[in-house]
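Me: I should like to learn how to read the features of a protein model. May we go through one together, step by step?

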Amino acid sequence: VPNLLINGASGIAVGMATNIPPNNFREIADAVSALLTDPDISHDELAQIVLGPDFPTGGIISAEGIRQAYATGRGSILVRAVANGEESKEGRDLLVVTELPYQVNKAKLTEKIADLVRAKTIEGISDIRDESDREGMRLVIELRRDAYAAKVLNQLYKHTALQTTFGVNMVTLVDGQPRTVSLR
């Protein structure tokens, strides 16, 4: 079982570093089975099986960087939070974040947003609160009446960790020597 691919790995050593994203167990098992059935399977055929990283915190993954990262062992993957528009009981627009990019701390993110609002870097937010419970994560950003939700969301993506890049560097030991390896 290729635990490095399933669980992911991150580490730094003298002169080298590794950052392997976690992947879906079923996809990796299917890819291993396909590789055992056809040892000459192409990278594109493997990419049809392993669709991309499976981050435990969710988020939306941009497909652009995945193919390069899995083909060469190096690349960056754009990850965005999942934010939906809702309306409050008082009729105000809300942005509700239900999934965060991988390794983003919700408390630090909330504090950063509040700091940006105080500094007037981001305009249009009147309140931010954490309504997370055992049902799931829910970060509610209440907008002022004159604010446009899409504009505020784009400012949040630009200035906060609601949008991050995950740098893939698949360095591992092969026969006792460090090498950058592809998904295959």
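Me: Which strands does helix H5 lie across, and at about what angle does it run to S7?

Reply: Please keep in mind that this is a predicted model. Helix H5, residues 106-118, lies across S7 and strand S8 (139-143). Its direction is at about 165° to S7.

Me: Which strands does helix H6 lie across?

Reply: Helix H6 (residues 149-159) lies across S5, S6, S7 and S8. Relative to S6, helix H6 runs at about 40°.

Me: What is the order of the strands in the open sheet, and how are they paired?

Reply: To read a sheet, one follows the strands from one neighbour to the next. Here the open sheet has 4 strands in the order S5-S6-S8-S7, and the pairing is antiparallel. Strand S5 (82-87) and strand S7 (125-130) are the edge strands, since each pairs on one side only. On average, neighbouring strands of this sheet are turned by 20° against each other, with direction ignored.

Me: How many bridges join S5 to strand S6?

Reply: There are 6 bridges between S5 and strand S6 (residues 93-99), and the two run antiparallel. As an example of residues facing each other, Glu-86 stands opposite Leu-94 in S6. The two strands form a hairpin with 5 residues between them. In that turn, Gly-91 has a positive phi of about 90°.

Me: Where is the positive phi in the hairpin of S10 and S11?

Reply: Asp-175 takes a positive phi near 55° in this hairpin, which has 2 residues between the strands. Strand S10 (residues 171-174) pairs with strand S11 (residues 177-180) over 4 bridges, in the antiparallel sense. Within this pairing, Thr-172 has Arg-179 in S11 as its bridge partner.

Me: Which side chains of strand S4 are buried?

Reply: The general idea is that in a regular strand the side chains alternate between the two faces of the sheet. Strand S4 (residues 74-80) shows such alternation. Gly-75, Ile-77 and Val-79 point to one face and are buried, whereas Arg-74, Ser-76, Leu-78 and Arg-80 point to the other face and are not buried. The cut-off for "buried" is under 20% relative accessible area.

Me: How many bridges join S4 to strand S9?

Reply: S4 and strand S9 (residues 163-169) run antiparallel and are joined by 7 bridges. Gly-75 has Val-168 in S9 as its bridge partner. S4 also pairs with strand S3 (residues 60-61) in the antiparallel sense, over 2 bridges. There, Ile-61 has Val-79 in S4 as its bridge partner.

Me: What does the secondary structure of the chain come to?

Reply: The chain has 6 helices and 11 strands. Its C-alpha trace spans about 60 × 35 × 30 Å along the principal axes. Of the 184 residues in the chain, 37% are buried. Among contacts between residues at least 6 apart in sequence, 56% join residues at least 24 apart.

Me: How many positive and negative side chains does the chain have?

Reply: There are 20 positive and 24 negative side chains, and the centres of the two sets lie 7 Å apart. As for the surface, the chain exposes about 10900 Å², of which carbon and sulfur atoms supply 49%.

Methods: Residues numbered from 1 in each chain as written. Predicted model: local features only at pLDDT ≥ 70, side-chain atom pairs only at ≥ 80, totals over all residues. Heavy atoms only, no water. Pairing = 2+ DSSP bridges. Axes fitted to C-alpha atoms, helices over the stretch in contact; angles between N-to-C directions. Contact = heavy atoms within 4.5 Å. Buried < 20%, exposed > 50% of the residue type's maximum accessible area, 1.4 Å probe, protein only. Areas by Shrake-Rupley, 256 points an atom, 1.4 Å probe, with all protein chains shown as cover. Lys, Arg positive; Asp, Glu negative; His and termini not counted. Charge placed at Lys NZ, Arg CZ, Asp CG, Glu CD.
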